[in-house]
Amino acid sequence: MGRKFFVGGNWKCNGTTDQVEKIVKTLNEGQVPSPDVVEVVVSPPYVFLPVVKSQLRPEFQVAAQNCWVKKGGAFTGEVSAEMLVNLGVPWVILGHSERRALLGESNEFVGDKVAYALSQGLKVIACVGETLEQREAGSTVVIAYEPVWAIGTGKVATPDQAQEVHASLRDWLRINVSPEVAESTRIIYGGSVTGANCKELAAKHDVDGFLVGGASLKPEFIDIINSATVKTA
Ligand SMILES: O=C(CO)COP(=O)(O)O
């Protein structure tokens, strides 16, 4: 079995209760391939996680956009990995470039977060820019390659550019971790993915899915989920 196609929707800091209701309705009514073909994970802001989780079709999962680096306690404003587990939130996005750039999260800090979240049983979408900082064998990690210049700019990487970086990330895993981990880890692309450009990207051998920002708030997210069929065609 190959790697299952993965489509993540990162809503970032967007949404009102009305908008969230609309997006969930669109997701619930969308015609998409079976969960055997594509794994869909949407990531609303923390405050909307419980309502989205309870209303979303059961084959779609939710992710938090961040969590605290260690066990909870006196850390005002933070949300711990334990809380996410307690709420039944299975996934967390860590190390997004917006957090690195705007909040100063370092490679080391992100690496510590990844290790702690995995130790608590969360599945991690670890975001990298041009280099790979952190990996953990034996747990579920999806690596999101998100070139900073492509995020929110409308300037998508070409399929060849994405393939080249994904292949080199996989080589890095092969050499530094193991051939098995390299073969089984999903490496997904993020940065100006749309309904119009997703199929060409999905056709590339080492592109195992997407982490979608702006378009994950729109009905075209359903088209992006459907690009999974490119792999089975
Ligand atoms: O940062 C992203 C997903 O995490 C990508 O954002 P856009 O799809 O809006 O470019």
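The legends below describe close-up views of a predicted model of a protein with a ligand.

**View 1. Confidence across the predicted model.** The model has an ipTM of 0.96 and a pTM of 0.92. Average pLDDT for the protein is 93, and 95% of the residues score at least 70. Over residues 131-137, however, the pLDDT is below 50, and this stretch makes 20 contacts in the model beyond near neighbours in sequence. Predicted coordinates should not be read in detail where pLDDT is low.

**View 2. Surroundings of the ligand.** There are 14 residues around the ligand, and those that come nearest are Asn10, Ile151, Gly190, Gly213 and Gly214. By residue class, the shell consists of five nonpolar, eight polar and one charged. One of the nearest residues, Gly190, also belongs to a covered face of strand S7, together with Arg186 and Ile188.

**View 3. Strand S4 and its two partners.** Strand S4 covers residues 91-94; Trp91 and Ile93 point one way and Val92 and Leu94 the other way, and all are buried. Strand S3, residues 61-64, pairs with S4 in the parallel sense over two bridges. In this pairing Ala63 stands opposite Trp91. Strand S5, residues 123-128, also pairs with S4 in the parallel sense, over four bridges. Here Trp91 stands opposite Lys123. The connection from S3 to S4 includes helix H3, residues 81-87, and the three elements make a right-handed β-α-β unit.

**View 4. Val128 in strand S5 and its approach to Tyr145.** Val128 is placed in strand S5. Val128 is buried because 21 other C-beta atoms lie within 10 Å, where 20 or more are required. In sequence, Val128 and Tyr145 are 17 residues apart, while their C-alpha atoms are 5.3 Å apart in space. Tyr145 falls in strand S6, which spans residues 141-145.

**View 5. Strand S7 between S6 and S8.** Five of the five residues of S7 are buried, and the strand is mostly covered. Arg186, Ile188 and Gly190 lie on one side and Ile187 and Tyr189 on the other, and both faces are covered. Strands S6 and S7 run parallel and are joined by four bridges. Val142 stands opposite Arg186 in this pair. S7 also pairs with strand S8, residues 209-212, in the parallel sense over two bridges. In the pairing with S8, Tyr189 stands opposite Phe210.

**View 6. Two loop residues with positive phi.** Most residues other than glycine have a negative phi. Lys12 has a positive value, with phi near 55°. Lys12 lies in the loop between strand S1 (5-10) and helix H1 (17-29). Ser192 likewise is not a glycine and has a positive phi, of about 60°. The loop that holds Ser192 runs between strand S7 (186-190) and helix H8 (198-202). Lys12 counts as partly exposed because it has 19 C-beta neighbours inside 10 Å, whereas Ser192 counts as buried because it has 21. The cut-off for a buried residue is 20 or more.

Definitions and conventions:
Residues are numbered from 1 along each chain as its sequence is written. This is a predicted model: local features need pLDDT of at least 70, side-chain atom pairs count only at pLDDT 80 or more; totals for chains, interfaces and linings use all residues. A residue is near a molecule or strand if its C-beta atom, placed from the backbone, lies within 6 Å of it. Ala, Val, Leu, Ile, Met, Phe, Trp, Tyr, Cys and Pro count as nonpolar, Asp, Glu, Lys and Arg as charged, and the others, Gly among them, as polar. A residue is buried if 20 or more other C-beta atoms lie within 10 Å of its own, exposed if 12 or fewer, and partly exposed in between; C-beta atoms are placed from the backbone. Two strands pair if DSSP finds at least two bridges between them. A crossover is right-handed if, with the strands pointing away from the viewer, the path from the first strand over the helix to the second runs clockwise. pLDDT is the predictor's confidence in each residue, from 0 to 100. Two residues are in contact if their C-beta atoms, placed from the backbone, lie within 7 Å.
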